[in-house]
Structures are given as structure tokens and as C-alpha cells.
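Colleague: I have a file open and some questions about it. Can you walk me through the structure?

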Amino acid sequence: MTNTKTHEDLSCSVDLNMSEVLTSKQKSIPKKTSQPQKESEDKAITNSEEFTQGQQEEGFNGFGFSDALLKTLKDKGYNEPSPIQKAAIPELMLGRDLVGQAQTGTGKTAAFALPILERLNGGCRLPQVLVLAPTRELAMQVADSFRAYAAGHPHFKFLAIYGGADFRSQINSLRRGIDVIVGTPGRVMDHMRQGTLNTSELRCLVLDEADEMLRMGFIDDVEWILEQLPEERQMVLFSATMPSEVRRLSKRFLNQPAEITIKAQEKEARLIKQKYIVLQNSYKTEALKRVLEAVTGEGVIIFARTKAITLTLAEVLETSGHDVAVLNGDVPQNQRERTVERLRSGGINILVATDVAARGLDVDRIELVINYDMPFDSEAYVHRIGRTGRAGRKGEAILFVSPRERRFVHNLERAVGQQIEEMSIPNNEVINQSRVERLRNRLIQAAKIQRDNSKETEVLQGLLQQVSEELEISQDQLALAAINLAIGSAPLLVQGNEDWLKPASHKNRRDDRSISRRRNERDTNYPEDHMERFRVEVGRKDRIKPGNLVGAIANESGLQGRKIGRIQIFDCYSLVDLPKGMPKDVFEDLKKVKVLNKELQIHRIN
Ligand code: AMP
């Protein structure tokens, strides 16, 4: 397909070869005005059906993509655009602004990255595109996606910039020339303020996971950034939910955006079988081992609340013979990448992770997610279970809840629009069935394998003959002996006490409620058990808001916003509860962080 230059909306030179779909829509392209129009809600609603009707060609062929990009997509095994891609790509290729309501896992990264790539100008040294993402994990992942999709255009440069990473090397990369920046708001703002990120040539801005940025307290930073950018630019906003703040931002900064809603959450969720088990905390580890034995599946992620729990669980599982790795905030970045790669290739089968480390994790072979600890909120739950059922595959999610947490299951059901079924801890019978089934599969596999070396086969057959003659035993007895050899001396069938497996009783719920009431009463005076209290030297007189603290701490420490506990703001200082066990270097970095131009000078208090 040869491309012709027909549209100059985004970059200095734009390559497009549009199909009939585009021609029919061209009339609706808004002329870019410097004053965004107010009534952005009356905008053309785009949906995938409308697009499919107009699109005659198969797969990605109808979008006017270059041959190089089509080849890259083919190599990556992308045969059909996902619904959000079908709906968004034509609009973005036209240079329209777009607001999309979609979750991760729907293919939204490619939905914006592909058209952006096709419209990049090869000659510019200054950044043409800025993508803002709430976390460094997501920023890195989006930058990686851009790199992968740009395989046919190796001259384009991409950079992820985020807090907690070396400033100098980011400045050096920026100086060498970057086409697409993907960054977290705080660090992007720092670079803009210092003049190390020149946005004068910026033609396109993407806000990814806008609701998450809002929740992490970044919205003021985002607004500041938007105010500094050239007015003539394309803007794309993606958000899983549309809280009023995000709507307001969209109305203020987007110009007659196409609106797309992909109800992926429900659709995706339906592919994921969701269950919960009510149990006392003290039985969780034992229950986890049983679930892993009974629920067979490729690739498992276990979510735990703290780094310490991830380590303990990994140890316990390793002792039980599982291949396990840990992903938490303490694991250095390069090791994280290696771990994800091993999970992807099947080198390890179980990953025990905290939320922040596993955010955006994209491994297709995950078939089971276990929420060992209750997620912080329903959004975290949706993100966690979204690690399975990827790219249209089926998956299963199991949530452990204490009797006290049981009532929150209903909130989660509302969030996913689907019932979450109660299940019991697998009993001996279920586990034994599963063990026998696994053994059967191993036997079938072994029976199908032909040894490459026929000489070896002869030797083995001779050996069998010899043993059966020597002991005067039948072929069946000999086969049993071989199985014994394969499974080892540990018992094949479990027979342990099953009394504790009974569902946690209702009586406990009442007891738990009074404990929880007492806890709430003392809450303000003491941090929760798994938290530590810190003092920061900024307070009401500095006009500090909780969102500023959450944003600054999350950005610099890599800690997820939702992991930051109670924040109490006083006149001259504030108190912040953070999960126990903050690494020393992160703590040192945090001391120097500035909020509203004042150093936090964070320190622990007893
Ligand atoms: P995202 O929603 O951007 O996190 O993407 C979810 C997953 O879907 C990623 O693994 C993508 O590589 C994959 N993906 C995106 N678009 C397609 C497509 N059209 N065909 C197959 N896989 C895709």
C-alpha cells in the first residue's frame, strides 16, 4: 500500500491513505480552534458497530497504515483490531481529539499508539507526543509498546520518564532527541519547569488512566502540564471510569472529542471465572497450598498486601515444591523484567506480587489470579483479575476473604457487574482427584515421547526384561514400580484433618465487628498494624492537600497511591501512614522531595 500525504493536522508531515470510511467522516473533522468548544458532551459517539459497517477490509488493512506497520502487526500476531481499536484508530488517524472509557487489557495502548506512530514526523528533534501515565510501571510498559509497534521505523526514539529514576540520564536522552515521551506527571512537570523538556513542538498528548491519576492526586499536575502545552494539538484521554473531575478536564481541554465507551470490564470479567473463599487469616497459607493443588492452570499470580507477605509466601510455596518468583517494590527494575520474562516463557509458574509491582503486567499465559489479601478497593480488584483472561483467553480468579471482609464482596460484584461465587477450600478428595489427574497427564505425555536415541530404548527394554525375570513379576507390577520411581516416596494421596476446611462461621462475624469498631476508635492515634507513621514538614499553612502528598510520595517511592494510608494535616506539619518496611534508599530520596516548593523532610515517628 502506498501512502499519500493528505492531512496535516498532527505533524509536519502526515502519511495517510484513507479508505472510504475516512472520506465519509472527513466532514466531521473539527477545525482545530484555539478555544475548545464547551459542549463536548454532544459529540459524535463512535462505536465499533458503526465502524465495522463502513470498513470493508479485513484486519488492520482498512486504517490506511503503512506497509511497515502492517508487517509489524502481522509479526506480532495481531490479526484483528480489538473493539476499541476499531473505534478509535479511524478517529485518531484523522487527528481528532478522543475520550475513551476503557480498561487495560482491551488493547487501548495500540489503539492510540498505532495512529500516533503513523502520524509521527521523522524530521523533528523535539518531542512530538507526550503520554502521561499514573505509574512508572505503566509508563515503561507504554514506552515498550511504542518501541515494539515502531519496529518498522527504527529511527523513532521513545523515552519513559518517571520519578525515582536518575534525572541526569533522562536529561541526556532528552538532549539527544526523543519523538515520544511517556512519563508520570510529577517527573514530566519537573523536567518542564527546569526547561529540560521542550514541549514547543508537541502535537499530541495522551492521558492514560486519567481516573488513576486523579485518585493518586496528580490531577493538579496534569492540569498544570496541559496549560503549558501548545493549544494546537491533538488530545486523547483514556480512563476506566469517568469521575466528574475527569469529565471536567476533558471538557476544558479536549476539542469536540469523539467519545468511545468499551464495556470491556463486564465483557472481560465474564471471561474470568470469579470465586471467593471465606476463611480465618490463620488458615490462609494452608488454603493457598490446597487451591494451587486443586485448581490446575498455567501461570498463576498471587497478590499479597505487603512485600513481607510476598516473601513469606514464596518461601512456603518453594518448600512445597512450586517454581515461584517474587515481584515487589524492592525488586530492582532489571530483575523485575527478567522475572516477567521467565513467567512469560514458563520458566516459573507462580508469581507472588504486590499491586504496584504487578500493575499493567501483561503475560498471556496467566490462567489463575489468587487474591491472597483483599485488594484495597474494587478498582484494584479489577486490575488484579485483569492479569488473567488476557487477549480473549479464559481465566480464573480466587479471592480470600476473612469473615469480616465478606461484606465487601458485594462491592466487587457491582464493580465487575458479575456474581462472584463462594467456593470452599479444596478438601482431600478434590486434591487427590487433581493429583491423580495430573499423574495421568504426565503418564500420557511420557507414553507419547519417543526417545531420540534408539540404542537407549533398547537398553531400557532390556533392563525391564531383566528386572521382570529376576523378580518374577508381571508387566503391571513393573509398571507400578516405574510410577513409584517417578512420583517419589511422598504419599500420592492426602489424608490430613479436614475439620478446619469448614466455612468460617457466622458467629465470628459478630466478634470481628466489635474488634473492628474498637480498631476504628483508636485509628487516629495509631497507624494500622501493617503501617508506620511518618511526619512531613509541610502543613496547612503551606496550603498542602492530601493529594499533593500522595502524588509526591507515590511518584518518588513507586508506592501505589492506594497503599498510602491515613493522612492528617496540621498547621505546620502533616502525618502520613505508609506500609511498614520502606527501603532505606527510597526513604532517603523521599526526604529530599519537594511539595509546593518545600522539602518534605520526612521522618519516622514512634
Ligand atoms: P492493553 O489494553 O493495551 O494493555 O493490551 C492488552 C493486551 O492485548 C496486550 O498484550 C497487547 O499486546 C494485546 N493486543 C492489543 N491489541 C491486540 C490485537 N489487535 N490482537 C491481539 N492482541 C492484541
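Modeller: Start with burial: of the 606 residues in the protein chain, 51% are buried. Keep in mind that this is a predicted model.

Colleague: What about secondary structure, how many helices and strands are there?

Modeller: The protein chain has 24 helices and 20 strands.

Colleague: And the accessible surface, what does that come to?

Modeller: About 29400 Å² for the protein chain, with 48% of it belonging to carbon and sulfur atoms. On contacts, taking residues at least 6 apart in sequence, 76% of the contacts in the protein chain join residues at least 24 apart.

Colleague: Now the ligand. Which residues are closest to it?

Modeller: Tyr 78, Gln 85, Gly 105, Gly 107 and Thr 109 are the closest, out of 14 residues that surround the ligand.

Colleague: How does that shell split by class?

Modeller: Seven residues are polar, four are charged and three are nonpolar.

Colleague: Which ligand atoms lie by Tyr 78, Thr 109 and Glu 80?

Modeller: For Tyr 78, a polar side-chain atom sits 2.4 Å from an oxygen atom of the ligand. Thr 109 also places a polar side-chain atom by a ligand oxygen, at 2.6 Å. With Glu 80 the backbone is involved: one of its polar backbone atoms is 2.8 Å from a nitrogen atom of the ligand.

Colleague: How much of the ligand does the protein bury?

Modeller: The protein buries 84% of the 500 Å² that the ligand exposes when taken alone.

Colleague: Changing topic to the sheet. What is the strand order in the open sheet of seven strands?

Modeller: S10-S11-S9-S12-S13-S8-S14, with parallel pairing. Strand S10 (324-327) and strand S14 (421-422) are the edge strands, and each pairs on one side only.

Colleague: Give me some registers. What stands opposite what around S9?

Modeller: Strand S9 (residues 300-303) runs parallel to strand S12 (residues 368-371), and four bridges join them. In that pair, Ile 301 is opposite Val 369. S9 also pairs with S11 in the parallel sense, over four bridges, and there Val 300 stands opposite Ile 350.

Colleague: And S10 with S11, parallel or antiparallel?

Modeller: Parallel, over four bridges. Ala 325 is the residue opposite Leu 351 of S11.

Colleague: Are the faces of S11 covered or open?

Modeller: Both faces of strand S11 (residues 350-353) are covered. Ile 350 and Val 352 are buried on one side, and Leu 351 and Ala 353 are buried on the other. In a regular strand the side chains alternate between the two faces of the sheet.

Colleague: Next, backbone oddities. Which residues have a positive phi without being glycine?

Modeller: Glu 209, at about 55°, and Gln 256, at about 40°, are two to look at. Most residues other than glycine have a negative phi.

Colleague: Where are those two, and are they buried or exposed?

Modeller: Glu 209 is in the loop between strand S5 (204-207) and helix H9 (210-215). Glu 209 counts as buried because its relative accessible area is 6%, under the 20% cut-off. Gln 256 is in the loop between helix H11 (244-253) and strand S7 (258-261). At 23% relative accessible area, Gln 256 is partly exposed.

Colleague: I also flagged Asp 542. Where is it?

Modeller: Asp 542 belongs to the loop between strand S15 (531-536) and helix H23 (546-557). Its relative accessibility is 18%, so Asp 542 counts as buried.

Colleague: What does its side chain reach?

Modeller: The backbone nitrogen of Gly 539, at 2.8 Å. Leaving out residues up to four places away in sequence, Asp 542 touches Glu 537, Leu 596 and Lys 598.

Colleague: Last one, Pro 546. Which helix is it in, and what does it touch?

Modeller: Pro 546 is in helix H23. Not counting residues up to four places away in sequence, Pro 546 touches Ile 567 and Ile 569. The C-alpha atoms of Pro 546 and Gln 568 are separated by 8.1 Å, and the two residues are 22 apart along the chain.

Colleague: And how does Pro 546 rate on accessibility?

Modeller: Pro 546 is partly exposed, with a relative accessible area of 42%.

Notes
Residues are numbered from 1 along each chain as its sequence is written. This is a predicted model: local features need pLDDT of at least 70, side-chain atom pairs count only at pLDDT 80 or more; totals for chains, interfaces and linings use all residues. Side-chain values use heavy atoms; hydrogens and water are left out. Buried means under 20% relative accessible area, exposed over 50%, partly exposed in between (1.4 Å probe, protein chains only). Contact means heavy atoms within 4.5 Å. Accessible areas come from the Shrake-Rupley method with a 1.4 Å probe; for residues, only the protein chains shown count as cover. A residue is near a molecule or strand if one of its heavy atoms lies within 4 Å of it. A polar contact is a pair of N or O atoms within 3.5 Å; within protein, one must be able to donate a hydrogen and the other to accept it, and residues adjacent in sequence count only if both atoms are side-chain atoms. Ala, Val, Leu, Ile, Met, Phe, Trp, Tyr, Cys and Pro count as nonpolar, Asp, Glu, Lys and Arg as charged, and the others, Gly among them, as polar. Two strands pair if DSSP finds at least two bridges between them.
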